[in-house]
There are 4 protein chains.
Amino acid sequence: MLINLDFESSEPIYTQLVQEIIAGIAKKEILPGERLPSVRSLAADIGINLHTVNKAYQQLKQDGFILIHRQRGVVVNPDGIPAADEVYMNQLKKTLHPLVAESICRAVDADTFMQVCKELYQSFERGGKDE
Amino acid sequence: MLINLDFESSEPIYTQLVQEIIAGIAKKEILPGERLPSVRSLAADIGINLHTVNKAYQQLKQDGFILIHRQRGVVVNPDGIPAADEVYMNQLKKTLHPLVAESICRAVDADTFMQVCKELYQSFERGGKDE
Amino acid sequence: MLINLDFESSEPIYTQLVQEIIAGIAKKEILPGERLPSVRSLAADIGINLHTVNKAYQQLKQDGFILIHRQRGVVVNPDGIPAADEVYMNQLKKTLHPLVAESICRAVDADTFMQVCKELYQSFERGGKDE
Amino acid sequence: MLINLDFESSEPIYTQLVQEIIAGIAKKEILPGERLPSVRSLAADIGINLHTVNKAYQQLKQDGFILIHRQRGVVVNPDGIPAADEVYMNQLKKTLHPLVAESICRAVDADTFMQVCKELYQSFERGGKDE
DNA sequence: GTGGTCTAGACCACG
DNA sequence: GTGGTCTAGACCACG
């Protein structure tokens, strides 16, 4: 899996890292039960601090994506990622809301918007070269 | 237009304000050429800092949503909001990307995702009671 | 509220801090909506690192005890603490299980055990001098 | 006796092992004077490290649950487990304190809390299927 | 070797 | 002044 970080972005590094790993799982580059690099080795590989990696891992653990064994390291949740519940769907809507609002203002119609979503979905199925 | 702010959110107040105003424009509650309250009066109405409102207005101006005249005050861009260009669409894709990734992991399929988007679009057309 | 930490304990400082603050809420020394000290001032008062206080606050936030406003600081959840749900009760049972097991081995009968619990409850109602 | 370990728990394995054995004694699945498996065989059975089992046994010995003979192996204390003394009761109170505090905050009243304890006691008498 | 905890110190966004 | 992020470096428990 390729981790792609933008150090100039205002998006925190740990958030970007979280998103990259989720993308890797979505693309099935890492499967349930598979190991992720240790905090230290990933930090060294990327060239960031170990605490930053740790913060990303803690959030992924919190959200059910990974399990952290103190000894055996970090693995993608072997039971799979928890399916979307009402809380997730509401959160998703809340996040999409301003994107839809601005798109409407800028004359992007619903079909175009949905087409963009569909293509993103397909890019993950095809191996996710959109990243 | 109703401005709805969540002071407990981690989203900065000025960002929420920007989004609320954009939502108001999307719902056609405020039309091109119409005036927005002055920085001072809006700040007083909502009970937030002058700088916060100013920051929001500056960003809206930057993005082509409003014009700020020294004398005539703040108006929604009379020429309409600049239509989406390639830069906007790329930015949109980049923002949607992690949402799609997590949704895939959580077993939300493309049709469900697009249905959520469609409903959001419809909520704006109907007057945006989803806010 | 008095924060009482044991730096010799194997219990992490941030965990002790979490427990002390929960005890303060249980004793009604801090009420819903009331402010807690800022991360920095509490760290300075106790003589520990700001990150340690932050970790405690983050956990309290996670568990619904407090809200963290970036500007206005930290307040006890004005809506009150989320009531126990099934998850909490199961967690509680799981934590009590080994305590009951060892107590049985050591000839502490159910009535004595429950009496200890009752007295602890009463100590909180009386102002919690048991701490 | 069934040893049930959760390798995904943040609770150290040796602590879980200690608790499982104490639970077995509480349920009278192993009686005073009865032998426990050797360090080696238990480690092999469960599939964990020798040191982990050893650490658990050392703690059980320390707390008076078992005796470790060079030749005769490991036996549950034939004189029975040392009864609770003041030290134990104080330790128990200290452990229960944060559980009671959080339960109060979460609107679990004393009767409910004690009922949970009572049911745990009963589960041990009935053979401890709650484990 | 692994993650967990803690410290010290820095810079930043927000308001 | 507030919390958020990030770094660098240290020591520890676990196995």
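## Domains of chain A

Which domains does the domain assignment of chain A give? There are two entries to find: domain 1, covering 13-76, and domain 2, covering 86-125. As you look at them, keep in mind that this is a predicted model.

To picture how these parts are placed, take the centre of each one over its C-alpha atoms. The centres of domain 1 of chain A and domain 2 of chain A are separated by 27 Å.

## Two copies and an axis

Now bring chain B into view. A turn of 179° with a shift of 0.0 Å along the axis lays chain A on chain B, and the RMSD is then 0.2 Å. The two copies are therefore related as by a two-fold rotation axis. The same surface serves both of these copies, since 98% of the contact residues of chain A recur in chain B.

Which residue of chain A comes closest to the rotation axis? It is Met114(A), whose C-alpha is at 2.8 Å.

## The sheet in chain A

Chain A has an open sheet of three strands, and the pairing in it is antiparallel. If you walk across the sheet, the order is β1-β3-β2. At the edges you find β1 (35-36) and β2 of chain A, each of which pairs on one side only.

Let's follow one pairing in detail. Strand β2 (residues 66-69) and strand β3 (residues 73-76) of chain A run antiparallel and are joined by four bridges. Along this pair, Ile66(A) stands opposite Val76(A), while Leu67(A) faces Val75(A) in β3(A). Between β2(A) and β3(A) the chain passes through three residues, making a hairpin.

## The strands of chain D

Chain D can be read in a similar way. Its strand β2 (residues 66-69) pairs with β3(D) in the antiparallel sense over four bridges. These two strands of chain D form a hairpin, with three residues between them. Within the pairing, Ile68(D) stands opposite Val74(D).

Strand β3 (residues 73-76) of chain D also has an antiparallel partner in strand β1 (residues 35-36) of chain D, and two bridges join them. Which residue in β3(D) is the bridge partner of Leu36(D)? Again you meet Val74(D), the residue that Ile68(D) stands opposite.

## Around DNA strand E

How many residues surround DNA strand E? The number is 28, and the closest are His51(A), Ile13(C), His51(C), Thr52(C) and Gln71(C). By class, this surface has ten nonpolar, 13 polar and five charged residues.

Several elements each supply at least two residues of the surface near DNA strand E. In chain A these are α2 (39-46), α3 (50-62), β2 and β3. Chain B and chain C each bring in α1 (13-26) and α3 (50-62). The hairpin strands β2(A) and β3(A) that you met earlier therefore have a place in this surface too.

## Contacts with the DNA backbone

Which parts of DNA strand E lie within 4 Å of the protein? Of the atoms in that range, 71% belong to sugar or phosphate, and the rest belong to bases.

Some individual contacts are worth finding in the structure. An N or O atom in the side chain of Thr52(C) is 2.5 Å from a phosphate oxygen of DNA strand E. The side chain of Tyr14(B) likewise has an N or O atom 3.2 Å from a phosphate oxygen of this strand. Arg70(A) uses its backbone: a polar backbone atom there is 3.2 Å from a sugar or linking oxygen of DNA strand E.

Note on methods: Residues are numbered from 1 along each chain as its sequence is written. Chains are lettered from A and ligands numbered from 1 in the order in which they are written. This is a predicted model: local features need pLDDT of at least 70, side-chain atom pairs count only at pLDDT 80 or more; totals for chains, interfaces and linings use all residues. Side-chain values use heavy atoms; hydrogens and water are left out. Domain bounds come from an automatic or database domain assignment. Copies are superposed by least squares on the C-alpha atoms of residues with pLDDT of at least 70 in both. Contact means heavy atoms within 4.5 Å. Two strands pair if DSSP finds at least two bridges between them. A residue is near a molecule or strand if one of its heavy atoms lies within 4 Å of it. A polar contact is a pair of N or O atoms within 3.5 Å; within protein, one must be able to donate a hydrogen and the other to accept it, and residues adjacent in sequence count only if both atoms are side-chain atoms. Ala, Val, Leu, Ile, Met, Phe, Trp, Tyr, Cys and Pro count as nonpolar, Asp, Glu, Lys and Arg as charged, and the others, Gly among them, as polar.
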